[in-house]
Amino acid sequence: MSTVFLLLILLLGFLITFQIAKASEYVGILKGEKKNFAQNNRINGFLMIVFLVLGLIGVYWCNELFKGKILGESASDHGEKIDTMLYITLTITGVVFFITQILLFWFAYKYQYSEKRKAYYYPHNNKLELIWTVIPAIALTVLVGFGLFYWFRITGDAPKDAMEVEVTGKQFEWIFRYAGKDNIFGKKYYQNISDKDDNALGLIWDDPASHDDIVTKGTMYLVVGKPVKLIINSRDVIHDVGLPHFRMKMDAVPGTPTSMWFTPKYTTEEMKKKTNNPEFEYELSCDQMCGKGHFTMRGIVKVVTPSEFILWRAKQQSNYARLFPDKMQNAAPQADSTKKTVAVDTGAHAKLVAQTK
Amino acid sequence: MMSNESTIHGHAEVVTTHEVQHDEHGVLHHKQSFITTYVFSQDHKMICKQFLITGMIWAVLGGLMSVLFRLQLGYPDTSFPWLRDILGAKWVQDGHIKPEAYYALVTMHGTVLVFFVLTGGLSGTFANYLIPLQVGARDMASPFLNMLSYWFFWMASVVILASFFLETGPASGGWTVYPPLSALGDANEGSKAGQDFWIIGMALFVVSSLLGGLNYISTILNLRTKGMSMTRLPLTIWAILFTAILGVLSFPVLLSGLILLLFDRHAGTSFYLSDIFIASTGQALPNEGGSPILFQHLFWFLGHPEVYIIILPAMGLVSEVMSVNSRKPVFGYMAMIGSLFAIAILAFLVWAHHMFVTGLNPFLGSVFVLLTLLIAVPSAIKVFNWLTTIWRGNLRFTPGMLFAIGFVSLFISGGLTGIFLGNSTLDIHLHDTLFVVAHFHIVMGVSAFFGMFCGIYHWFPKMYGRYLNNTMSYIHFWVTFAGAYLIFWPMHYEGLAGMPRRYPDYASWIAFKQFVELNRFISTVAMVVFAVQLMFVFNFFYSIFKGRRVTSQNPWGSNTLEWTAPIHPGHGNWPGEIPEVHRWAYDYGKDGREFIPQTEPIGPNESRH
């Protein structure tokens with residue numbers, strides 16, 4: 001009912017506008033085209049300057065309103081670089097923004113039609129044009145310079161001592177894998193994947209390196225102050241590991257592993273205090289459209305102290321142990337982890353997707 | 001009917017007799033039935049109107065889709081039972097649009113607006129209208145292909161429209177249709193029949209675009225009237241020429257990418273597919289060795305030039321209208337052409353900036369950063385030249401002029417945020433957030449719409465021999481202009497907070513749920529702006545029949561050739577000879593004269609510029 005009401009009001013508003021519009025056209029004809037034009041021109045010229053002033057106030061007000069709500073302090077070292085880059089870019093583009101917008105509306109107001117003035121015939125000025133080719137070029141060189149400086153640092157090789165976690169996206173959930181004690185990810189093959197048999201990643205059990213691999217869902221544990229390299233995969237469509245607090249992002253592409261690394265600066269507990277929000281969690285969002293559950297594909301990242309991490313890992317059962325508890329009893333000592341080529345017969349399609357260091 | 005004879009200077013006399021004959025019988029020579037006049041017309045002016053009105057229908061539908069999904073985004077907790085009556089029980093649950101339907105709406109909103117409105121509607125309208133009239137030709141080089149171009153566009157429209165009525169719904173994997181999501185019906189409802197319709201519709205659209213584009217290029221190059229050298233062309237024509245070249249070179253790449261996608265979908269190939277396990281069926285697919293990233297390269301090789309295909313015509317229209325209404329020549333005509341050229345070249349060299357976080361080699365990424373930010377230089381030249389065009393002018397705020405000024409403002413705002421996204425370092429954080437949505441809506445969506453409105457308001461009197469209602473036009477401009485900023489300015493802040501795009505509901509996210517009120521505000525403004533667009537549509541159709549009549553041939557005091565044609569030009573455009581051109585299009589305010597039409601010979605005492 002209220003919808004019908006709303007539509008009726010809209011229709012009424014429209015009819016009134018239309019009547020006014022029609023009437024003003026007749027009035028315009030009566031007043032004479034010239035006078036009518038002059039009046040309209042004055043109104044619009046005035047509105048130009050009104051728009052500029054209100055717009056600038058709006059920009060300031062909007063900033064004040066959202067100051068605390070965007071971009072808390074970055075929680076990773078790479079994030080700091082990105083934030084610095086953001087401020088450099090904001091400053092340079094901000095200056096350009098204000099100068100050009102103010103000139104645009106000011107000129108529009110100042111040079112509105114007047115019978116007294118004649119437009120100034122000014123078709124070109126090569127010197128002027130050269131100036132505003134060179135200045136933007138210099139500004140952009142600065143931005144490209146800073147940008148690439150940070151870009152190569154962020155995308156450069158991870159430190160040797162970085163912890164590795166494999167992140168795999170699937171519709172609509174995140175799967176995390178830790179290499180276990182041997183520090184080697186066991187081989188996997190996607191044809192082995194079976195949700196039914198609790199082998200979400202298709203690990204190859206013939207590879208002993210896979211036996212101690214820990215596979216979890218939903219929450220990823222990271223150590224504060226320790227660089228972490230995420231090896232990113234997808235099981236079905238393209239997903240994207242988005243970590244807004246760390247300012248990091250990387251696509252998860254089926255068939256082509258990708259990676260990114262960073263160092264978390266604060267534990268989740270520290271962030272709870274910093275943000276004054278006892279419910280704070282680092283969140284992992286899917287940032288690449290992946291189907292109807294895209295917006296529900298939420299993961300949690302717990303950043304903990306080293307001792308907490310050791311404690312947590314000790315409590316985890318490996319995927320293999322979960323599946324074959326009896327075999328783990330008399331398992332041989334950890335297989336020689338340097339042997340990477342384990343003969344695995346997976347038929348004609350034999351393809352080893354080995355995630356090793 | 002077609003006479004490019006006037007360009008053959010050696011046979012002036014013969015041409016004259018021919019054309020006189022043409023005009024005695026010409027327009028009425030062929031018996032024009034209703035069908036050949038209004039439906040299968042080969043007159044570029046009628047084809048223009050067909051493109052424009054089809055584009056407007058699509059714009060209203062596409063806008064309506066955005067209103068529907070903004071309703072969900074702005075009011076995620078409110079139930080709207082009437083949605084069920086519109087969309088049907090399959091797509092609406094408890095008065096909420098289901099996620100599948102939300103994604104279908106987002107996908108089709110993008111597809112419709114990018115391709116059917118801002119490419120087909122914008123280029124189709126103004127290229128068809130302005131090329132023959134402004135270069136001085138009787139019609140397009142091939143009026144028949146031109147007619148086909150529209151009818152392929154129409155068929156594409158029908159196919160896309162039909163996909164809304166499929167049981168599994170239209171395509172819903174985003175307008176970029178990235179595989180594997182778009183290749184696997186089991187992974188996404190919209191990737192079933194809807195995706196096939198999408199591909200077929202787009203293939204027809206590409207055909208239409210190519211037929212149109214080749215025609216535009218050959219007409220501009222070959223059918224210019226006597227004296228109309230390339231450097232005397234109005235900037236509208238230059239912009240349309242570069243647009244057409246971009247389209248001809250890039251659309252085929254999209255088509256090839258889509259054909260491979262079709263093969264992957266139905267022929268068991270593995271161009272884009274590898275290592276896939278479908279959870280819903282519990283099956284691992286046999287495909288190995290393909291790369292979904294290949295599709296992204298093919299897609300963006302069109303996709304990036306595409307944004308310039310959208311914005312270049314708008315730039316051309318704005319340059320022309322701004323100059324006419326400032327009563328001043330456009331500043332730096334050659335630099336304007338040069339920057340259009342630079343943008344057109346760079347358009348092909350920046351596509352991978354859409355792919356910084358796909359695992360692209362960082363070195364390759366750095367090359368694309370450099371090339372991408374390079375585009376800011378020609379863009380800056382254009383902006384400064386527009387500013388200098390209005391500087392010390394004598395500005396008449398006609399509705400067309402208002403939209404031209406609005407265009408420049410929006411182009412600055414949206415262009416500057418492009419400098420953020422083109423820098424790979426910042427793109428890591430901002431990629432696929434609402435910052436991107438805000439950026440491209442301002443710089444490409446709303447700006448291009450402003451260019452289009454600017455053109456419609458300026459040339460409506462020529463198209464229909466009547467004026468649009470001024471009061472409604474002013475309301476339309478100010479509400480749309482303010483609305484565009486109110487909608488998209490705050491959206492940047494959401495993006496800076498890392499808020500991902502294409503989420504129908506943020507309630508379960510700690511980091512993003514603080515923006516509920518802002519989203520409500522944006523949605524409300526969006527609906528108001530949409531309502532005002534409906535008022536424009538009303539104004540348009542009302543004025544065709546009831547608008548104030550145009551009484552003079554050249555109401556804006558403009559230099560270009562179209563204003564030398566009769567108020568209601570027939571097929572063939574000029575009743576007598578095609579006028580000869582003696583000067584460039586921008587002699588406004590020269591030697592104390594308000595304007596000097598292109599047809600006027602250079603006077604003996606005229607100053608040189």
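**Exercise 1. Domains of chain A**

Task: In this predicted model, state into which domains chain A is divided, and describe the contact between domain 1 and domain 2 of chain A.

Solution.
Step 1. Chain A is divided into two parts: domain 1 covers 18–112 + 124–155, and domain 2 covers 163–327.
Step 2. Between the C-alpha centres of these domains of chain A there are 43 Å.
Step 3. To their contact, domain 1 of chain A contributes eight residues and domain 2 of chain A contributes 12 residues.
Step 4. On the side of domain 1 of chain A that touches domain 2 of chain A, five residues are polar, two are nonpolar and one is charged.

**Exercise 2. The overall form of chain A**

Task: Determine whether chain A is more spread out than a compact globule or not, using its radius of gyration.

Solution.
Step 1. Chain A contains eight helices and 10 strands.
Step 2. For 357 residues the globule rule gives 21 Å, whereas the radius of gyration of chain A is 31 Å, well over that value; chain A is therefore more spread out than a compact globule.
Step 3. Along the principal axes, the C-alpha atoms of chain A fill a box of roughly 100 × 60 × 50 Å.
Step 4. Of the 357 residues of chain A, 37% count as buried.
Step 5. When contacts in chain A between residues at least 6 apart in sequence are considered, 70% join residues at least 24 apart.

**Exercise 3. The contact between the chains**

Task: State how many residues chain A and chain B each give to their contact, and which helix of chain B gives the most to its side.

Solution.
Step 1. Chain A supplies 101 residues and chain B supplies 106 residues.
Step 2. On the side of chain B that touches chain A, helix H16 (residues 470–496) gives the most, with 11 residues.
Step 3. By character, this side of chain B divides into 63 nonpolar, 31 polar and 12 charged residues.

**Exercise 4. The largest nonpolar core**

Task: Identify the residues that touch the most other members of the largest nonpolar core, and explain where this core lies with respect to the domains of chain A.

Solution.
Step 1. The core has 281 residues, and those touching the most other members are Val318(B), Ala404(B), Phe407(B), Val408(B) and Cys454(B).
Step 2. Helix H5 (residues 99–135) of chain B provides the largest share of this core, 22 residues.
Step 3. Because domain 1 (18–112 + 124–155) and domain 2 (163–327) of chain A both give residues to this core, it lies between them.
Step 4. Leaving aside residues up to four places away in sequence, Cys454(B) touches Leu317(B), Val318(B), Val321(B), Gly400(B), Phe403(B), Ala404(B) and Phe407(B).

**Exercise 5. Backbone features in loops**

Task: Locate the cis peptide bonds that join Gln171(A) to Phe172(A) and Pro179(B) to Pro180(B); then decide whether Asp275(B) and Asp432(B) are buried or exposed.

Solution.
Step 1. The cis bond between Gln171(A) and Phe172(A) has an omega of about -5°; Phe172(A) is in the loop between strand E1 (163–170) and strand E2 (173–178) of chain A.
Step 2. The cis bond between Pro179(B) and Pro180(B) has an omega of about 0°, and Pro180(B) is in the loop between helix H6 (143–162) and helix H7 (193–222) of chain B.
Step 3. Asp275(B), a residue other than glycine, has a positive phi near 55°; its place is the loop between helix H8 (235–266) and strand E3 (277–278) of chain B.
Step 4. A residue is buried if 20 or more other C-beta atoms lie within 10 Å of its own. Asp275(B) has 28 C-beta neighbours inside 10 Å and therefore counts as buried.
Step 5. Asp432(B), with phi near 60°, lies in the loop between helix H14 (424–430) and helix H15 (434–464) of chain B. Asp432(B) is buried because 23 other C-beta atoms lie within 10 Å.

Terms used. Residues are numbered from 1 along each chain as its sequence is written. Chains are lettered from A and ligands numbered from 1 in the order in which they are written. This is a predicted model: local features need pLDDT of at least 70, side-chain atom pairs count only at pLDDT 80 or more; totals for chains, interfaces and linings use all residues. Helices (H or I, at least four residues) and strands (E, at least two) are DSSP runs, numbered from the N terminus. A residue is buried if 20 or more other C-beta atoms lie within 10 Å of its own, exposed if 12 or fewer, and partly exposed in between; C-beta atoms are placed from the backbone. Domain bounds come from an automatic or database domain assignment. Two residues are in contact if their C-beta atoms, placed from the backbone, lie within 7 Å. Ala, Val, Leu, Ile, Met, Phe, Trp, Tyr, Cys and Pro count as nonpolar, Asp, Glu, Lys and Arg as charged, and the others, Gly among them, as polar. The radius of gyration is taken over C-alpha atoms; the globule rule is 2.2 Å times the number of residues to the power 0.38. A nonpolar core is a set of buried Ala, Val, Leu, Ile, Met, Phe, Trp, Tyr and Cys residues joined through C-beta atoms within 7 Å.
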